[in-house]
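Subject: Structure for your review

Hello,

The structure we discussed is below, with the sequence. My notes on the packing and the sheets follow it.

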Amino acid sequence: MTAPFDWTPDAHELADLELLLSGAFQPLTGFLSSADTHAVEDHGTLADGTPWPAPVSLTLPDDHPAVPGDRITLRDPEGAALAVLTVTERADGSAAGPVEALEAPEHGPFARLRRTPAEIRKEFAGREVLAVTMRGPLDDLEEIRATAEELDAAVLLLPLAFGEGGPAVVRAALTARDRLPEGTLVAVVPLAPRQEPSIDLELREHVAEAYGATEHLAGPEPVTLPGPPHRRGLVVFFTGLSGSGKSTVARGLRDALLERGSRTVTYLDGDVVRHLLSAGLSFSKQDRDLNIRRIGFVAAEAARHGGLAICAPIAPYAATRDEVRAMVEAVGADFLLVHVATPLAECERRDRKGLYAKARAGLIPEFTGISDPYEEPDDADLVVDTTSISVERAVHQVLDPLIQGGWVR
């Protein structure tokens with residue numbers, strides 16, 4: 001069954017969708033209305049008084065055409081149709097309504113272990129159950145053994161596998177299972193953490209209860225110590241007008257890093273990407289955003305494994321730059337935004353390709369700085385103006401902070 005509109009929720013919303021469909025978020029059957037959301041935020045209950053600790057909402061952009069009564073097919077990042085949302089309300093930038101499953105979710109780690117509450121309840125067949133929710137390794141298995149023995153309960157490990165750390169949490173659960181009483185089960189739950197620890201804990205209690213828990217133990221929060229900067233992934237993202245010198249400085253930075261030889265470097269220039277990764281895209285806002293997202297995705301993948309990526313597109317829109325920053329930080333890497341703030345007049349004076357002249361003559365529509373806006377970043381980590389400095393000096397204005405920050409040795 002399909003619906004007239006498609007939408008791919010973000011990672012947090014996809015995780016919530018999976019729990020709605022599996023029954024782990026019972027009694028919820030869909031994304032909350034504004035009345036329910038406000039009641040949860042104010043009182044910790046749904047509008048009808050049913051206890052519930054955290055909003056479960058789906059954000060849709062204001063220009064999405066769906067209205068109450070419409071049906072939206074919700075898809076995973078690979079395009080698989082997961083569910084249909086029947087819209088009952090559009091309010092506060094969100095869409096509310098019940099969801100019905102289309103296919104079993106396949107994204108995320110260890111799909112064979114992502115068992116539903118109904119499956120687990122059936123397997124335990126009415127036994128007492130001690131459920132242990134985990135966001136990291138378990139420090140004290142003896143407490144679990146003793147509690148299970150006291151309750152005469154089976155043990156259920158619920159690794160809360162969300163984000164980059166998900167596979168490690170699942171592996172920790174499998175390791176613990178082998179050291180706990182025979183019959184211990186593992187069911188992977190993609191529960192995204194909430195910012196407030198007390199709300200996160202209460203939501204874990206609800207999930208454990210859905211899986212049939214007689215008793216719930218919350219495993220300790222993991223202590224994460226970031227590695228030294230020179231071992232972490234890094235994306236140096238240049239933005240600036242055409243002719244600002246960003247590509248020249250970015251290439252100079254690449255060469256300087258290659259000469260030092262201490263980092264693996266990936267270089268993504270805007271013009272080169274346009275001919276390869278983004279061939280066929282126009283210069284409309286929609287296609288410009290898609291081009292930047294593609295650059296951001298490739299850069300984040302390089303940084304995911306400890307690489308250093310240098311990107312040099314125009315990237316005129318703040319919201320899309322923010323998306324790229326979020327992509328990079330989501331994989332545990334660092335992001336450095338460099339605004340090459342050479343003034344428009346100087347960029348136009350350089351105009352080796354004659355692009356500004358053509359834009360002023362109306363021959364190039366939607367040209368950044370002339371007929372299309374450039375949103376200057378207010379969150380730049382570095383600002384460089386190449387008007388009156390040499391390329392070498394501009395490169396050092398970027399390289400020096402990388403050395404001082406420990407990203408480069």
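Contact here means heavy atoms within 4.5 Å. Please keep in mind that this is a predicted model.

By that criterion, and setting aside neighbours within four places in sequence, Leu 85 is in contact with Phe 31, Leu 58, Asp 70, Arg 71, Ile 72, Leu 74, Ala 95, Ala 96, Gly 97, Pro 98 and Val 99.

Leu 85 also belongs to the largest nonpolar core, which has 41 residues. Together with Phe 25, Phe 31, Leu 156 and Tyr 211, Leu 85 is among the members that touch the most others in that core. At least two residues of this core come from each of the following elements:

- helices: helix 1 (11-22), helix 3 (117-124) and helix 6 (197-210)
- strands: strand 4 (71-75), strand 5 (81-86), strand 7 (94-101), strand 8 (129-134) and strand 9 (154-159)

Helix 1 gives the largest share, four residues. A separate core of 24 residues lies apart from this one, and its members include Val 265, Ala 312, Val 398 and Trp 407.

Next, the sheets. One is an open sheet of four strands in the order 10-9-8-11, with parallel pairing. Strand 10 (185-186) and strand 11 (215-218) are at its edges, each with a single partner strand, so each has one side without a neighbour in the sheet. Strand 9 and strand 10 run parallel and are joined by two bridges; Leu 157 stands opposite Val 186 in strand 10. Helix 6 packs on this sheet and touches strand 8, strand 9 and strand 11. The direction of helix 6 makes about 140° with that of strand 11.

Strand 12 (residues 234-239) is worth a look on screen. How many of its six residues are buried? Six of the six are, so to count as buried each has under 20% relative accessible area. In a regular strand the side chains alternate between the two faces of the sheet. In strand 12, Leu 234, Val 236 and Phe 238 are on one side, with Val 235, Phe 237 and Thr 239 on the other, and both faces are covered.

Strand 12 pairs in the parallel sense with strand 14 (residues 308-312) over four bridges, and Val 235 stands opposite Ala 309 in strand 14. Strand 12 also pairs in the parallel sense with strand 15 (residues 334-340), over six bridges. There, Leu 336 in strand 15 is the bridge partner of Val 236.

Regards

Definitions and conventions
Residues are numbered from 1 along each chain as its sequence is written. This is a predicted model: local features need pLDDT of at least 70, side-chain atom pairs count only at pLDDT 80 or more; totals for chains, interfaces and linings use all residues. Side-chain values use heavy atoms; hydrogens and water are left out. A nonpolar core is a set of buried Ala, Val, Leu, Ile, Met, Phe, Trp, Tyr and Cys residues joined through side-chain atoms within 4.5 Å. Buried means under 20% relative accessible area, exposed over 50%, partly exposed in between (1.4 Å probe, protein chains only). Two strands pair if DSSP finds at least two bridges between them. Axes are lines fitted to C-alpha atoms, for helices over the stretch in contact, and angles run from 0 to 180 degrees between N-to-C directions.
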